[in-house]
Amino acid sequence: QVNIDNEPSKSGVTPAQLTQLAAECAALPQLKLRGLMAIPAPQTDFEKQREVFARVRVLLDQLRNDHADIDTLSMGMSSDLEAAIAEGATIVRVGTAIFGARKAK
């Protein structure tokens, strides 16, 4: 997971840490890095959604220079899946669109 917006409430590596993480994964023969996952900060503007998803896609493209078998880009949820797909997402999470919003705790 890439913490693309550097949100304290989210886990994941920063974009600057990604190359090192990929190299460390490649050194472990029983572990295969398949791709990236990111959950950006909520945004309602389509173009702004695309901008952040494009940053994640660029990171994936850069990783492919040294790790050609990376094939997965998991980003986008019910509220921003169109922008994620436009930027190359191969996996989107659509639970809210299927099951409705979660009840507040």
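**Entry 1: terms and model**

Helices (H or I, at least four residues) and strands (E, at least two) are taken here as DSSP runs, numbered from the N terminus. I note at the outset that the structure is a predicted model, and I keep that in mind for each entry below.

**Entry 2: the segment before H1**

I began with Asn-6, which I found in the segment before H1, the helix that spans residues 18-26. Its backbone caught my attention, since Asn-6 has a positive phi of about 55 degrees although it is not a glycine. Most residues other than glycine have a negative phi. I then looked up its accessibility: the relative accessible area of Asn-6 is 58%, which is over 50%, so I entered Asn-6 as exposed.

Next I turned to the residues on either side of it in the numbering. Asp-5 is also found in the segment before H1, and with a relative accessible area of 28% it is partly exposed. Leaving aside neighbours within four places in sequence, I listed Pro-40, Ala-41, Val-52 and Arg-55 as the contacts of Asp-5. As a reference distance I also took Asp-5 to Thr-72, which are 67 residues apart in sequence and 20 Å apart in space, C-alpha to C-alpha.

Is Glu-7 buried or exposed? Glu-7 lies in the segment before H1 as well, but its relative accessibility is 16%, which is under 20%, and therefore I recorded Glu-7 as buried. Apart from neighbours within four places in sequence, Glu-7 is in contact with Ile-39, Pro-40, Ala-41 and Pro-42.

**Entry 3: Ala-41, from the other side**

Since Ala-41 appears among the contacts of Asp-5 and among those of Glu-7, I looked at Ala-41 itself. Ala-41 lies in the loop between S1 and H2, and at 29% relative accessible area it is partly exposed. Its own contacts, again without neighbours within four places in sequence, are Asp-5, Glu-7 and Lys-10. I also checked Ala-41 against Ser-9: the two are 32 residues apart in sequence, and their C-alpha atoms are 9.9 Å apart in space.

**Entry 4: strands and the β-α-β unit**

How do S1 and S2 pair, in the parallel or the antiparallel sense? Strand S1 (residues 35-38) and strand S2 (residues 72-77) pair in the parallel sense, and I noted four bridges between them. Within that pairing, Gly-35 stands opposite Thr-72 in S2. Following the chain onward from S1, I found that S1, helix H2 (residues 46-64) and S2 make a β-α-β unit, whose hand is right-handed.

From S3 (residues 91-93) I picked Ile-91. Ile-91 is partly exposed, with a relative accessible area of 40%, and its contacts beyond four places in sequence are Thr-72, Leu-73, Ser-74 and Met-75. The C-alpha atoms of Ile-91 and Met-75 are 6.4 Å apart in space, while the two residues are 16 apart in sequence.

**Entry 5: cavity**

How many cavities of 30 Å³ or more are there? I counted one, and the volume of the largest cavity comes to about 30 Å³. Its lining consists of Pro-40, Ala-41, Gln-43, Gln-49, Val-52, Phe-53 and Asp-80, which I sorted by class into four nonpolar residues, two polar residues and one charged residue.

**Entry 6: pockets**

I then went through the open sites. The largest pocket holds about 210 Å³ of space, and I read its lining as Met-77, Ser-78, Arg-93, Val-94, Gly-95, Thr-96, Phe-99, Gly-100, Ala-101 and Arg-102. Which element gives the most to that lining? Helix H4 (residues 95-99) does, with three residues. By class I entered four nonpolar, four polar and two charged residues for the largest pocket.

The second largest pocket has a volume of about 170 Å³. Its lining includes Lys-10, the run from Ile-39 through Pro-40, Ala-41, Pro-42 and Gln-43 to Thr-44, and then Gln-49, Gly-76, Met-77, Ser-79 and Asp-80. These divide into five nonpolar, five polar and two charged residues. Looking back over the lists, I marked Ala-41 as a residue that lines the largest cavity and also the second largest pocket, and Met-77 as one that lines the largest pocket and the second largest pocket.

Definitions and conventions: Residues numbered from 1 in each chain as written. Predicted model: local features only at pLDDT ≥ 70, side-chain atom pairs only at ≥ 80, totals over all residues. Heavy atoms only, no water. Pairing = 2+ DSSP bridges. Right-handed = clockwise from strand over helix to strand, strands pointing away. 1 Å grid on protein atoms, 1.4 Å probe; cavity = no way out; pocket = protein on both sides within 12 Å on 5 of 7 lines; lining within 4 Å. Points joined across faces, edges and corners; volume = space filled by probe spheres on them. Nonpolar A, V, L, I, M, F, W, Y, C, P; charged D, E, K, R; others polar. Buried < 20%, exposed > 50% of the residue type's maximum accessible area, 1.4 Å probe, protein only. Contact = heavy atoms within 4.5 Å.
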